[in-house]
Amino acid sequence: MRARDLLADFPTVGLDSPVIDAARLLADQDLPGLIVVGDDGTPVTILPGTQVLRLAVPAYCQDDPALARVVDEAHADAFLNGLDGRTVREALPGRRRELPLTDPDATVLELAALMARTRSPLVAVVGDDRRLIGAVTLQALVDRLLAP
């Protein structure tokens, strides 16, 4: 079993895409993350859904769970409005991590090792020209590993 056998079309966003659109895409399609591509269509990084939350949730609530507990739901919803006008670039972590990127011939074990090492729920699969072909998700990988 190779990456090409587990490949799925996967939505992408650009670095300057509105992060609120990325959040909607994550939620509407129940995605673990998004592949961020550059102007040339090559993958730049993976945007995990948790990074979008990090941008939306105030730092004081992230640092002190007791403070998060006292904010009522009506006010918590307002935090998402803070994403308005912000870009995907702003949601990315300051320190670059290894890009979970592979070719279509990667084995299931190579995919699993890459996901584990990069702590990414998906791997971008690229062709010889480094352009995105699709992605392999953690769910697809686990389903394959557990298949009889």
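# Exercises on a predicted model

At 8% relative accessibility, Leu 26 counts as buried. The model is a predicted one. The exercises start from this residue and work outward.

## Exercise 1. Place Leu 26

Task: find which helix holds Leu 26, and what Leu 26 touches.

Solution.
- Step 1. Locate the residue. Leu 26 is in helix α2.
- Step 2. Check the burial. The cut-off for buried is under 20% relative accessible area. Leu 26 has 8%, so it counts as buried.
- Step 3. List the contacts, leaving aside neighbours within four places in sequence. Leu 26 is in contact with Leu 31, Pro 32, Gly 33, Leu 34, Gly 49 and Val 52.
- Step 4. Take one partner, Gly 49. Gly 49 and Leu 26 are 23 residues apart along the chain, and their C-alpha atoms are separated by 6.7 Å.
- Step 5. Look at the rest of the helix. Val 19, Ile 20, Ala 22, Ala 23 and Leu 25 of α2 are buried, as is Leu 26.

## Exercise 2. Build the core

Task: work out how many residues the largest nonpolar core has, and which element gives the most to it.

Solution.
- Step 1. Start from a general tendency. In soluble globular proteins, nonpolar side chains tend to be buried together.
- Step 2. Count. The largest nonpolar core has 27 residues. Those with the most contacts inside it are Val 13, Leu 34, Ile 35, Leu 47 and Val 52.
- Step 3. Assign elements. At least two residues of this core come from each of α2 (19–28), β2 (33–37), β3 (43–48), α7 (88–91) and β5 (122–126).
- Step 4. Pick the top contributor. That is α2, with six residues.
- Step 5. Look for another core. A second, separate one has eleven residues, among them Ala 3, Leu 111, Met 115 and Val 125.
- Step 6. Go back to Val 52. Beyond four places in sequence, Val 52 contacts Val 19, Ala 23, Leu 26, Leu 47 and Leu 83.

## Exercise 3. Read the faces of α8

Task: decide which residues of α8 are buried, and which exposed residues sit on the face turned away.

Solution.
- Step 1. Pick out the buried positions. Helix α8 covers residues 108–118, and Val 108, Leu 111, Leu 114, Met 115 and Thr 118 are buried.
- Step 2. Look down the axis. The buried residues of α8 fall within an arc of 130°, so they line one face of the helix.
- Step 3. Recall the geometry. An α-helix has 3.6 residues a turn, so residues three or four places apart point the same way.
- Step 4. Turn to the other face. Leu 109, Ala 116 and Arg 117 are exposed there, away from the buried side of α8.
- Step 5. Find the cover. The buried residues of α8 are covered by elements including α1 (3–6), β4 (101–102), β5, β6 (132–137) and α9 (138–146).

## Exercise 4. Two positive phi angles

Task: for Asp 30 and Arg 119, say where each lies and whether each is buried or exposed.

Solution.
- Step 1. Set the background. Most residues other than glycine have a negative phi.
- Step 2. Take Asp 30. Its phi is positive, about 50°, although Asp 30 is not a glycine. Asp 30 follows α2 and sits in the loop between α2 and β2.
- Step 3. Check the exposure of Asp 30. The cut-off for exposed is over 50%. At a relative accessible area of 69%, Asp 30 is exposed.
- Step 4. Take Arg 119. This residue is not a glycine either, and has a positive phi of about 55°. Arg 119 follows α8 and lies in the loop between α8 and β5.
- Step 5. Check Arg 119. With a relative accessible area of 71%, Arg 119 is exposed.
- Step 6. Add a distance. Arg 119 and Pro 48 are 71 residues apart in sequence, and 9.8 Å apart from C-alpha to C-alpha.

## Exercise 5. Describe a pocket

Task: give the volume of the second largest pocket and the classes of its lining residues.

Solution.
- Step 1. Volume. The second largest pocket has about 150 Å³.
- Step 2. Lining. Thr 45, Ile 46, Leu 92, Arg 95, Glu 98 and Thr 118 are among the residues that line this pocket.
- Step 3. Classes. The lining has four nonpolar, four polar and four charged residues.
- Step 4. Follow Thr 45. Thr 45 lies in strand β3 and is buried, with a relative accessible area of 16%.
- Step 5. Contacts. Not counting residues up to four places away in sequence, Thr 45 touches Leu 34, Ile 35, Val 36, Leu 92 and Leu 99.

Terms used: Residues numbered from 1 in each chain as written. Predicted model: local features only at pLDDT ≥ 70, side-chain atom pairs only at ≥ 80, totals over all residues. Heavy atoms only, no water. 1 Å grid on protein atoms, 1.4 Å probe; cavity = no way out; pocket = protein on both sides within 12 Å on 5 of 7 lines; lining within 4 Å. Points joined across faces, edges and corners; volume = space filled by probe spheres on them. Nonpolar A, V, L, I, M, F, W, Y, C, P; charged D, E, K, R; others polar. Core = buried A, V, L, I, M, F, W, Y, C linked by side-chain atoms within 4.5 Å. Buried < 20%, exposed > 50% of the residue type's maximum accessible area, 1.4 Å probe, protein only. Helix = DSSP H or I, 4+ residues; strand = E, 2+ residues; numbered from the N terminus. Contact = heavy atoms within 4.5 Å. Arc of directions from axis to C-beta.
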